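Me: I'd like to go through the charged pairs and the cysteines in this one. Could you show it to me and then take the terms one at a time?

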Amino acid sequence: LPKLRLWGGPVLYLCGRDDTKYVKLGKQLSNMYSFCDYYSIEGADHTVHCCQPTVLKMHVEKFLQKISQ
């Protein structure tokens, strides 16, 4: 986590809502770093890309639009 501070952003952090370990980490990151966009995706576990591919794609596309402006 300390090395992330050196990066300075932007960061998109996505995790499945049922993956409690990474939900906890995502909340910590978003509270620590203003440049971190965090979303927990309902109906997904550790394999968000398999469980909710459309929702994952939507978040990635929105993030890429945001950082390209």
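Reply: Sure, accessibility comes first: buried means under 20% relative accessible area, exposed over 50%, and partly exposed in between, with a 1.4 Å probe and protein chains only. Lys 66, at 48% relative accessibility, is therefore partly exposed. Keep in mind that this is a predicted model, where local features need pLDDT of at least 70 and side-chain atom pairs count only at pLDDT 80 or more, while totals for chains, interfaces and linings use all residues. Residues are numbered from 1 along each chain as its sequence is written, and side-chain values use heavy atoms, with hydrogens and water left out.

Me: How many salt bridges does the structure hold?

Reply: The general idea is that side chains of opposite charge can pair when their charged atoms come close. The cut-off here is a side-chain nitrogen of Lys or Arg within 4 Å of a carboxyl oxygen of Asp or Glu. By that rule the structure holds three salt bridges.

Me: Which side chain meets Asp 37 in a salt bridge?

Reply: That's Lys 66, at 2.7 Å from N to O. The pair links distant parts of the chain, with Asp 37 in strand E2 and Lys 66 in helix H4 (residues 53–67), 29 residues apart. Helices (H or I, at least four residues) and strands (E, at least two) are DSSP runs, numbered from the N terminus. Asp 37 counts as buried, at 14% relative accessibility.

Me: Where do Glu 42 and Arg 17 lie?

Reply: Their side chains form a salt bridge too, at 3.4 Å, N to O. Glu 42 is in the loop between strand E2 (36–41) and helix H3 (48–51), and Arg 17 is in the loop between strand E1 (11–16) and helix H2 (20–32), so the pair ties together parts 25 residues apart in sequence. Glu 42 is exposed at 59%, and Arg 17 is partly exposed at 40%.

Me: What about Glu 61 and Lys 57?

Reply: Their side chains meet at 3.3 Å, N to O. Both lie in helix H4, four residues apart, about one turn of the helix. Glu 61 is partly exposed, at 40%.

Me: And how many disulfides does the structure hold?

Reply: A disulfide is a covalent bond between the sulfur atoms of two cysteines; the test is a pair of cysteine sulfur atoms within 2.5 Å. The structure holds zero.

Me: Why is there no bond for Cys 36 or Cys 50?

Reply: For Cys 36, the closest cysteine sulfur is in Cys 15, 10 Å away, which is too far for a bond. For Cys 50, the closest is in Cys 51, and 6.5 Å is too far as well. Cys 36 is buried at 6%, while Cys 50 is exposed at 55%.
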